[in-house]
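Here is a friendly walk through one protein model, with an eye to charge pairs, nonpolar packing and open space. Have the coordinates open in your viewer as you read.

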Amino acid sequence: MQPVYRWFYGRLPLRTVSTDGNIVILDQAEAQRLRRLERWAILVSGVIGALGVLVLFLPKYSHAHWFYTVQWAVLGHTLVVPVGFTVYSFVLVFLELELLNLLHIYCMHQMAAATGFLHYENQQAAPLRRTLLDAGLEKKNKDIVRYGINPLEGLNQQARLVWLLLLRLKASVSNMVFKFLVQRMLGRYAFQWVQDMAGIPVFAAWNAWGTFEVLRQGRIIIMGQNLIEVVCQRLFAGVPTLAAAEGALVFDTLQYVAISKRDFHANHASLAQNMVEHYGLQKTTPRFSVAAYRQALVGANPQVRQLCQLLIILGFLLDGKLSLREQKGITLLNGMGLLRETPMQVKWHLRQLMAGKGVQPLLSTYLDALAPGSLKTNLA
């Protein structure tokens, strides 16, 4: 389907909009455009979910003869296999997923245009197109692995596979639970069609929630990519080179953020690409140790430590989420004197970033000390 997605993306019209040129910070008009787009998309997604249930079950009751069945004798019992309805169900599920994918691609395109991230000069740029398509299709960007950084290092793969399977099945499982509750509440009066129709609010809600999450990630990707560009420009001007030992610590900081997140994200891949390519960073130890990293950070000179602290906070913000595990990690770094921000302060910065208000106080705290001429030690 990738050729279809690329064709659809290329056919989308790019409307001229007035933007302030600052993609990290949204002005009032930009914020209003995004809110309207998000409300519309969530509504459409919910309607698609509701219609999917109706289109699936109404023909089953009104034109039952359309659906071919096969009867098998198994252990003295007759097993009826609804072959026609099963095939029909798979076709409808496929169509619904593709409609949602096209809706999300359209929304990514419109969000990027509404903020000025996408314009006439770069609309056909392959990297940008890939970023927006991956965001719309919820495709994980695993480019970070190319630089020797693995978010899944040391993770139990079996547990991860089970968790991913549960996430994939969440809508179906919720529908089954909802049907069970309806059956228990209505007892023998719960006709089959009532139970089937009970899936309407479940799938409508899951679709709406899924679209909300896709748009939320699209927003953080659009603003995060430009935040990374701003940070790297100022950082590379203040710290043009790093010694080998200091570069190894910076690389381990990127690995620490990745392990804390336990997931792949386009913004983390972009941050790693900028840091690794500019400073020539590379993996120096076969296996990363969080405890050893914290001790190395304690012994680092103040400027390099401040650079690593900036990367830690920035890394925690760039995917738009802050898990309980990450909050515990921040609290531990607080206790060791390695981080001044508390989990509540990081959450505040995250809300500011997601609201389009930027993170200027955070950048001023860390980057001003790393500006050209402000360093007290030679980092090279």
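A salt bridge here is a side-chain nitrogen of Lys or Arg within 4 Å of a carboxyl oxygen of Asp or Glu. Keep in mind that this is a predicted model. With that definition, Arg130, Asp134, Asp143 and Arg146 turn out to be linked in a network of salt bridges.

**The chain as a whole**

The protein chain has 15 helices and two strands. Of its 380 residues, 47% count as buried. Among contacts between residues at least 6 apart in sequence, 81% join residues at least 24 apart.

**Charge pairs**

Side chains of opposite charge can pair when their charged atoms come close. Across the whole structure, a search finds eight salt bridges. The table lists some of them, including two that involve residues of the network.

| Pair | Closest N to O distance |
|---|---|
| Asp134 and Arg130 | 3.4 Å |
| Arg146 and Asp143 | 3.9 Å |
| Asp319 and Lys261 | 2.7 Å |

Where do Asp134 and Arg130 sit? Both belong to helix 4 (residues 126–136), where they are four residues apart, about one turn of the helix. Asp134 is buried, with a relative accessible area of 11%, while Arg130 counts as partly exposed at 39%. For the other pair in the network, Arg146 is exposed at a relative accessible area of 61%, and Asp143 is buried at 16%.

The bridge between Asp319 and Lys261 has its closest N and O atoms 2.7 Å apart. Asp319 lies in the loop between helix 12 (302–317) and helix 13 (324–335) and Lys261 lies in helix 9, so this pair ties together parts that are 58 residues apart in sequence. Are these two residues buried or exposed? Both Asp319 and Lys261 are buried.

**A glutamine in helix 9**

Gln255 also lies in helix 9, which spans residues 244–261. Is Gln255 buried or exposed? Its relative accessible area is 0%, so Gln255 counts as buried, the cut-off being under 20%. A polar atom of the Gln255 side chain lies 2.9 Å from the backbone oxygen of Asn150. Leaving aside neighbours within four places in sequence, Gln255 is in contact with Gly148, Ile149, Asn150, Glu153, Lys283 and Phe288.

**Nonpolar packing**

In soluble globular proteins, nonpolar side chains tend to be buried together. The largest nonpolar core in this model has 87 residues, of which Leu235, Leu254 and Met275 touch the most other members. Helix 8 (residues 199–238) supplies the largest share of this core, with 12 residues. A second, separate core has five residues, among them Val53, Phe57, Phe85 and Leu92.

What does Leu254 touch, not counting residues up to four places away in sequence? Its partners are Ile149, Leu271, Ala272, Met275, Val276, Leu281 and Leu311. Ile149 is thus a partner of Leu254, and Ile149 is also in contact with Gln255.

**An open pocket**

Rolling a probe the size of a water molecule over the atoms shows where empty space is left. The second largest pocket has a volume of about 450 Å³. Its lining is made of 19 residues, and the closest to the pocket centre are Pro127, Thr131, Gln225, Ser270 and Gln273. Which helices each supply at least two residues of this lining? They include helix 4, helix 8 and helix 10 (266–279). Helix 4 thus contributes to the lining of this pocket and also holds the pair Asp134 and Arg130.

Terms used:
Residues numbered from 1 in each chain as written. Predicted model: local features only at pLDDT ≥ 70, side-chain atom pairs only at ≥ 80, totals over all residues. Heavy atoms only, no water. Buried < 20%, exposed > 50% of the residue type's maximum accessible area, 1.4 Å probe, protein only. Polar contact = N/O pair within 3.5 Å; in protein donor to acceptor, adjacent residues only side chain to side chain. Contact = heavy atoms within 4.5 Å. Core = buried A, V, L, I, M, F, W, Y, C linked by side-chain atoms within 4.5 Å. 1 Å grid on protein atoms, 1.4 Å probe; cavity = no way out; pocket = protein on both sides within 12 Å on 5 of 7 lines; lining within 4 Å. Points joined across faces, edges and corners; volume = space filled by probe spheres on them.
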